[in-house]
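Trainee: I would like to learn how to read a fold feature by feature, going from the interior to the sheets, helices and loops. Could we work through one example together?

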Amino acid sequence: MRNVITRDLLQLWMTKHRARLLMMIALSAASGLCAALATRAPLAEQRVGVWAPSVTIGGPSFNAQTLRMTVHASLGGSSLRLHLSNLRSSTPLRIGSVSIAYQANGATAVDGSLHRVTVAHAAHFTLAAGGEVFSDPLPMQVEAGQNLLVSLYLPAQTGASTWHSDAFDTSYLSDAGSGDRTADIDGGRYTRTSTSWYYLSGVDVLAANRHTIVAFGDSITDGYNTPKGAYARWPDDLAHRLADDRHPAAVVDAGLGGNRVLTDAPNIWQGFSAIKRFAHDALAVPGTNTVILLEGINDIGNDAGPNGKALTAQDLIGGYQNLIGQAHAAGIRIIGATMLPDRGAGYDSPSREAIRQACNQWIRSSGAFDGVIDFDQAMRDPAHPDTLLSRYDSGDHLHPNAAGMQAMANAIDLRLLTR
């Protein structure tokens, strides 16, 4: 005989066992959630460059002394690595010892924070002329905006060093012949200071779901006329804005004072042309997905066209197209920034101003870049559009002061960088 369950009997059974049913449903849901969490991929971590100055030829020579350099991280992360560089030197470099620590103040490290740095598990090694190397990862966490002290002991005469001349930060040097001071916590044996970085071209970390933005340019990006150790360059201010907008990213400064797009600067510490250095100084920085390009005013101001000829707007536009092509071939976005006004700086003349205006108009309207930042519009005096607004002028009518640097960062539509 077939059993028949009536609606009334079913309701009676459900009422009686309601608590058990609810518990079974809850357990089933929890089980499903746990399974989903177990199978969900962890947050993607990748190597992200958090500090990466451009390096050039012609720095001073050192002998049996230690250099202790201040590094300001633009983003936090773990598993820190150093990028050591003999790229622009013509002789091999012996490195006797390397350390890194958190900065307490000046050349003094935070007690207990010092780590010995190795390369391929070796504490001392030689970098070939033109060579570069990543250190072994360190079990070290760094926070955004934190200062580190990187110390290199150079046991023999180095010859002209690979360096970044205009650091607008402080490095500390022990006396020649003073030996290995990389393990010192107290900074007392560092008797001299410098405003350059030597043999050091990058710091990277592991960071989840983050990327690197490279600010690539000349002295305006490098921070000329900004206060030493204040981290008041427009790339620094941009990093702060992104963090405040809940879109933190590493912003590294690949500015180089005096640099030109098309030709090498006569002063060797101002670097090879942007076209030559772009792949190394911008595209090769770990984690880079976007470059902001602000350069060309030194080409215009020095009338530095290719092959020793007078510069034309089309020459400079051709240089921009070259850099755009390099970036796109590497799968990296490139944002074009218009050149600031410079009336009164010594660079200006009617013909040079015409080139600046033509190039700026091309940057704005050509569609060749993946986005545009109009620094010219943000920084000019509305009554005199060829002149830097006085409240942003550091005094030389070319380089912005700290307020001007902040205004430049504020002029950037963050949606260009966060989408």
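**Reading the interior, the sheets and the helices**

Mentor: Let us begin with the interior of this predicted model, where the largest nonpolar core has 38 residues, and where L80, L82, L84 and I100 are those with the most contacts inside it.

Trainee: Which residues does L84 touch, leaving out those up to four places away in sequence?

Mentor: With those excluded, L84 touches I95, V98, V119, F125, L127, E132, V133, L152, Y199 and L200. Apart from the core that holds L84 lies another core, of 34 residues, which includes L262, F278, A313 and I363.

Trainee: How should I read a sheet, and in what order do the strands of the open four-stranded sheet lie?

Mentor: The general idea is that the strands of a sheet pair through backbone hydrogen bonds, in either a parallel or an antiparallel manner. Here the open sheet of four strands runs in the order β1-β16-β4-β10, and its pairing is antiparallel. Its edge strands are β1 (45-51) and β10 (132-134), each of which pairs on one side only, and neighbouring strands in this sheet are turned against each other by 25° on average, with direction ignored.

Trainee: Over how many bridges do β4 and β10 pair, and which residue of β10 is the bridge partner of L84?

Mentor: Strand β4, which covers residues 78-85, pairs with β10 over three bridges in the antiparallel sense, and the bridge partner of L84 in β10 is V133. V133 also appears among the residues that L84 touches.

Trainee: Which strands stand at the edges of the open three-stranded sheet?

Mentor: That sheet has the order β2-β12-β15, again with antiparallel pairing. The edges are taken by β2 (56-59) and β15 (197-198), each of which has a single partner strand, so one side of each is left without a neighbour in the sheet. Between β2 and β12 the antiparallel pairing extends over two bridges, and G59 stands opposite S161 in β12.

Trainee: Turning to helices, what should I look for where two of them pack, and at what angle do α7 and α8 pack?

Mentor: The general idea is that an α-helix has 3.6 residues a turn, so residues three or four places apart point the same way. In this structure, α7 (residues 313-329) and α8 (residues 350-365) pack at an angle of about 35°, with their axes 9 Å apart, and α7 passes α8 in a right-handed crossing. On the α7 side the contact is made by A313, L316, I317, Y320, Q321 and I324, and on the α8 side by I355, A358, C359, W362 and I363. Sorted by class, this contact has ten nonpolar residues, one polar residue and no charged residues. Both A313 and I363 take part in it, and both also belong to the core of 34 residues.

Trainee: Which residues of α4 are buried?

Mentor: In α4 (residues 234-244) the buried residues are W234, P235, D236, D237, L238, A239 and L242. Just after α4, R246 takes a positive phi of about 65°.

Trainee: Where do F168 and D303 lie, and are they buried or exposed, wholly or partly?

Mentor: F168 lies in the loop between β12 (161-164) and β13 (171-174), and its phi is near 50°, a positive value in a residue other than glycine. Because its relative accessibility is 15%, F168 counts as buried. D303 is placed in the loop between α6 (297-301) and α7, with a positive phi near 50°, and with a relative accessible area of 35% D303 is partly exposed.

Notes: Residues numbered from 1 in each chain as written. Predicted model: local features only at pLDDT ≥ 70, side-chain atom pairs only at ≥ 80, totals over all residues. Heavy atoms only, no water. Axes fitted to C-alpha atoms, helices over the stretch in contact; angles between N-to-C directions. Left-handed = near helix turned anticlockwise from the far one by under 90°. Contact = heavy atoms within 4.5 Å. Nonpolar A, V, L, I, M, F, W, Y, C, P; charged D, E, K, R; others polar. Buried < 20%, exposed > 50% of the residue type's maximum accessible area, 1.4 Å probe, protein only. Core = buried A, V, L, I, M, F, W, Y, C linked by side-chain atoms within 4.5 Å. Pairing = 2+ DSSP bridges.
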